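Take a walk through this structure, one region at a time. Keep the sequence and the 3D view side by side.

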Amino acid sequence: MSFQYSIIIPTLNEEYFIARNLERIKSFNLSAEIIVADGGSKDGTIDICKKYGVKVVNSVLGRGQQLNVGASVASGEVLIFLHADTFLPENTYELIRQFISKDQNQIARFKLGFDFNNKFLDFYTQFSKYNSQFTRFGDSAIIVRREFFKQLNGFDSRGTFEDVDFFKRASKISKIVLLNFSVESSARKFIKDGVIRRQLANIFLFIEYILNINQKTLSKMYNRSAKNNKTCSLIIFLRYPQNGKVKTRLAKTTSSEFALNLYKSCAENIIRQVKSISKINRFAFYSDKEAKDKITKWLGGKFFFSPQEGNDLGSKMKNAFEKVFSTGAQKVIIIGTDVPDLSKEIIQKAFKSLDNSDAVIGPSRDGGYYLLGMKRMIPNLFEEIEYSTNSVYQNTVEKFSKLNLSYYVLPELQDIDTEEGLIHWLKSNSINSIKETIKLAYEGI
């Protein structure tokens, strides 16, 4: 059976990304051959590929060699080389159809985008709109006619920059078309190493490629600057402070303006606490995609930003944990913005507790929890729990026991979703910099 398109994906232990990527490609509902060229995965990558019914070929490890092996068994007239952690835009096939409708077009790529927004990452992606040797990389996907690929004798088997080399040779024969949409590529390498450190490493490696400088010399330069101690990651779930959209239960018995100001005060207090913690990666997952620009401006540059994804709170938290663990994090905790007494010290204690426990949890007075953390992904933890009820904490603790997980319990804190919760917090003995201001505002209603 022949296909018009063959999508070739090189893999090595990509069980998280390959499942999501295959699901996305299948959702396009187009007759396309999918070939996974595996370099020796030891995780669930191969089983996932079999589940989705894609063709798997084994290869010597090395992206250039894996891509060539995949191409050697491809039947498509157009080859699409795609990294396992790069996701094509929804209108991919329409763009490719327009591309191949012109006989002179031989090779193309997309612009680069990342799965997290960050001021440094966003700056980096701006360069992908320029078509030069310094801005063309495989993580933007490579679309090429099969006959042209054969003419170029495929990819070089070099250890690095096989994509740059391929584009360079191709550009001598044909124009490289830039498709005016962005892929979504994982920022995991930048987050794991540090965005600036990773970019410095890329520059060093690129110098090696261009000038053929001794690799050992460059490795020493890289190792001096690329040591990253950020093994801990914090997720904060929030929404942009907008009248009528936050603290709606509190607003019913007070006022929408008071509820808005209280939410904003609590959220900004917690954000200050989070920003004061050193050597962690900070992730802000926001509920309203349309508010992305407002959220990023509000929180500033110390966060990686992503929209929440899922049908309910449980699935949204699960997806957020999976996404952050995919960046190489060794400890991950999640918090919200409803608990004004959540402090830097409590967050640091949560991270520390994971040295000796599988999980950590902070109970809130209403029966939920204000913090949850783990040092490996535990997907079953979020199943069969009815969220937004007064049994969430107890059900989660029971889950820990059923899964034979050790866990640490933090002090119980008061969350503020209702006027009752507000009154209890105001009467408590907790010391908080925003408490007096909120008390005066409440008394003035």
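Helices and strands here are DSSP runs, with at least four residues for a helix and at least two for a strand, numbered from the N terminus. With those names, Leu405 can be placed in the loop between α16 and β16. The model is a predicted one.

Stay in that loop for a moment. It runs between α16 (392-402) and β16 (407-409), and Asn404 lies in it. Ser406 lies there too. How do these residues differ in exposure? Buried means under 20% relative accessible area and exposed means over 50%, with partly exposed in between. Asn404 has 70% relative accessibility, so it counts as exposed. Leu405 has a relative accessible area of 7%, so it is buried. Ser406, at 32%, is therefore partly exposed.

The backbone adds a detail at Asn404. Most residues other than glycine have a negative phi. Asn404 has a phi near 55°, a positive value in a residue other than glycine.

Now look at what the loop touches. Leave aside residues up to four places away in sequence. Leu405 then touches Asp358, Arg376, Ile378 and Phe400. Ser406 touches Asn356, Ser357, Asp358 and Ala359, on the same terms. From Ser406 to Ala359 the C-alpha distance is 6.4 Å, although 47 residues separate them in sequence. Leu405 and Gly44 are 361 residues apart in sequence, and their C-alpha atoms are 22 Å apart.

Move next to Thr45. It belongs to helix α2, which covers residues 45-51. Is Thr45 buried or exposed? Its relative accessible area is 0%, so Thr45 is buried. Residues up to four places away aside, Thr45 touches Thr11, Asn13, Glu14, Glu15, Ile18 and Asp38.

Ala141 is another residue to find. It sits in the loop between α5 (119-126) and β7 (142-145). Its phi is near 75°, a positive value in a residue other than glycine. Ala141 has a relative accessible area of 0%, so it is buried.

Turn to the nonpolar interior. In soluble globular proteins, nonpolar side chains tend to be buried together. The largest nonpolar core here has 67 residues. Which of them have the most contacts inside it? They are Ile9, Ile143, Ile235, Phe321, Leu372 and Phe382. Apart from this core lies another, of 35 residues, among them Cys232, Val274, Phe305 and Leu354. Phe382, back in the largest core, touches Gly314, Met317, Lys318, Phe321, Tyr369, Leu372, Met374, Met377 and Tyr387, not counting residues up to four places away in sequence.

Aromatic rings come next. The model holds 23 aromatic pairs. One of them joins Phe237 and Phe285 in a tilted arrangement, 6.0 Å centre to centre with 35° between the planes. This pair links distant parts of the chain. Phe237 is in strand β10 (residues 232-238), Phe285 is in strand β11 (residues 280-286), and the two positions lie 48 residues apart in sequence terms. Both Phe237 and Phe285 are buried. Ring pairs also link Phe116, Phe237, Phe283, Phe285 and Phe304 into a cluster.

Finish with the empty spaces. How many cavities of 30 Å³ or more are there? The count comes to one. The largest cavity has a volume of about 60 Å³. Its lining consists of Pro10, Arg63, Leu67, Phe81, Leu82, His83, Gly138, Ile142, Phe155, Glu162 and Asp163. Two elements, α3 (63-72) and α7 (162-171), give two or more residues to that lining. By type, the lining of the largest cavity has six nonpolar, two polar and three charged residues.

The second largest pocket holds about 1,300 Å³ of space. Its lining has 41 residues, and Arg249, Leu313, Asp338, Ser388 and Asp417 lie nearest its centre. At least two lining residues come from each of β10, α11 (248-253), α14 (313-325), β13 (331-335), β15 (369-374) and α17 (419-427). The lining of this pocket divides into 15 nonpolar, 14 polar and twelve charged residues. Strand β10 thus appears in two places on this walk: it holds Phe237 of the tilted pair, and it supplies residues to the pocket lining.

Methods
Residues numbered from 1 in each chain as written. Predicted model: local features only at pLDDT ≥ 70, side-chain atom pairs only at ≥ 80, totals over all residues. Heavy atoms only, no water. Buried < 20%, exposed > 50% of the residue type's maximum accessible area, 1.4 Å probe, protein only. Contact = heavy atoms within 4.5 Å. 1 Å grid on protein atoms, 1.4 Å probe; cavity = no way out; pocket = protein on both sides within 12 Å on 5 of 7 lines; lining within 4 Å. Points joined across faces, edges and corners; volume = space filled by probe spheres on them. Nonpolar A, V, L, I, M, F, W, Y, C, P; charged D, E, K, R; others polar. Core = buried A, V, L, I, M, F, W, Y, C linked by side-chain atoms within 4.5 Å. Phe/Tyr/Trp six-rings, centres within 6.5 Å; stacked < 30°, edge-to-face > 60°.
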